Amino acid sequence: MGRKATAEAPSNLAFVKYWGKRDAGLRLPANNSISVNLSEAKTITSVEFDVGFDQDTLIVETSNIPPGPEFSRRVNQHLDRMRSLAGVDDRALVHTKNSFPAGVGIASSASGFAALTVAGCAALGLDLSVKELSELARLASGSACRSIPGGFSEWIAEDKDNRSYAIQLAPAAHWDIKIVTIVVSSQTKKVTSTEGHDLAQASPFFKTRLEGISKRLDSVRSAILDKDFQTFGRESEMEAISFHAIAMTSPIRLDKGWSSGAYYWLPESLELILAVQDWRRNGLEVYFTLDAGPTVHILCLKDDLNRLLSAVHEIEENRPGRNWEILVNAPVDGAHVINDIRI
Ligand code: PMV
């Protein structure tokens, strides 16, 4: 009988983004980032180690694209990290399932590698602290380190001992904001976030972004702690644009030819961005943010949720043929072991 454990981990949404690394191999970020765990975007992963397995096997259940060889390579590499910590050599069977589409601007590598870390360590009997689990998850996927603590987190780029991990800023119950995530397309992005991080420094605006990031981190952190929705929303929205400005001005060479930058938005993303500005002018206090993909995340207070959803549905209904997947997220706890075998 092998050693098996199952874990559930949320994806997370950054209000101050991680974009650009100071060490690509160790996934050390150029700046701190702040995020919240998303209740409706999660991964459940079971990991079983058995002396009888002759190789690592990965089963992925996904609603859009099957993962490519690069994903399997990263999973194997992460299993090796955990095996080496536990001093074992057993191969593993990994079974993983996402509740949302991958590669569209909801960080599936964050929930995926956080769940793999927690399930793998539990299966191997490794008793790590939240900080250690977060550091370990970071090595597999940067943003995964923020899915380990619960609620609102800050990823510390480098502490005084040169370590890098996420800490909890506030628990999920601290602030009942809603994040309405609108998946406008399940087509996957053409430039992965790993490629985007590597290209970021080529943008002429990258240094300027970093110069202002401490002030932005202070504003977003205090706004979360003080529940100051207006400051929180404004700073998050400006930050999203700052990140996309970097992506759009970092020249890339794709297989298909040269490109002046990565445009993660689709026409529908821009339509929603403009709609958010209109809704706000008409008294509905909502703000947008987007990660590396066309999905638009709209932030609102709980009391405004129904008005926001009606406004979104109105746009959707007026455009025949549209079929948006809409997730109504709230802050949620971090990655944890689950007992029931749902996978
Ligand atoms: O962890 P990665 O390599 O998937 O990078 C995440 C990048 C963004 O989602 C765009 C920003 C962030 O901080 O999550």
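1. The C-alpha centres of domain 1 and domain 2 lie 23 Å apart. Where the two domains touch, domain 1 contributes 37 residues to the contact and domain 2 contributes 47 residues. Note that this is a predicted model.

2. As for the bounds, domain 1 is made of two stretches of the protein chain, 3-173 + 332-338. Domain 2 covers 177-329.

3. The ligand is placed in the largest pocket. Both domains supply its surroundings: at least three residues of the shell come from domain 1, and at least three from domain 2.

4. The shell around the ligand numbers 14 residues. The closest of them are Tyr18, Ser143, Arg146, Ser193 and His197. Sorted by class, the shell holds 5 nonpolar, 6 polar and 3 charged residues.

5. Three side chains can be listed with distances to an oxygen atom of the ligand. For Ser143, an N or O atom of the side chain is 2.6 Å from such an oxygen. For Arg146, the distance from a polar side-chain atom to a ligand oxygen is 2.7 Å. For Ser193, a polar side-chain atom is 3.0 Å from an oxygen atom of the ligand. The protein buries 96% of the 380 Å² that the ligand exposes when taken alone.

6. For anyone checking the site in the viewer, Ser143 and Arg146 are good places to begin, as both are listed among the closest residues. Ser193, also on that list, has its polar side-chain atom 3.0 Å from a ligand oxygen.

Technical notes. Residues numbered from 1 in each chain as written. Predicted model: local features only at pLDDT ≥ 70, side-chain atom pairs only at ≥ 80, totals over all residues. Heavy atoms only, no water. Near = heavy atom within 4 Å. Polar contact = N/O pair within 3.5 Å; in protein donor to acceptor, adjacent residues only side chain to side chain. Areas by Shrake-Rupley, 256 points an atom, 1.4 Å probe, with all protein chains shown as cover. 1 Å grid on protein atoms, 1.4 Å probe; cavity = no way out; pocket = protein on both sides within 12 Å on 5 of 7 lines; lining within 4 Å. Sits in = over half its atoms within 2 Å of the grid points. Nonpolar A, V, L, I, M, F, W, Y, C, P; charged D, E, K, R; others polar. Domains from an automatic or database assignment. Contact = heavy atoms within 4.5 Å.
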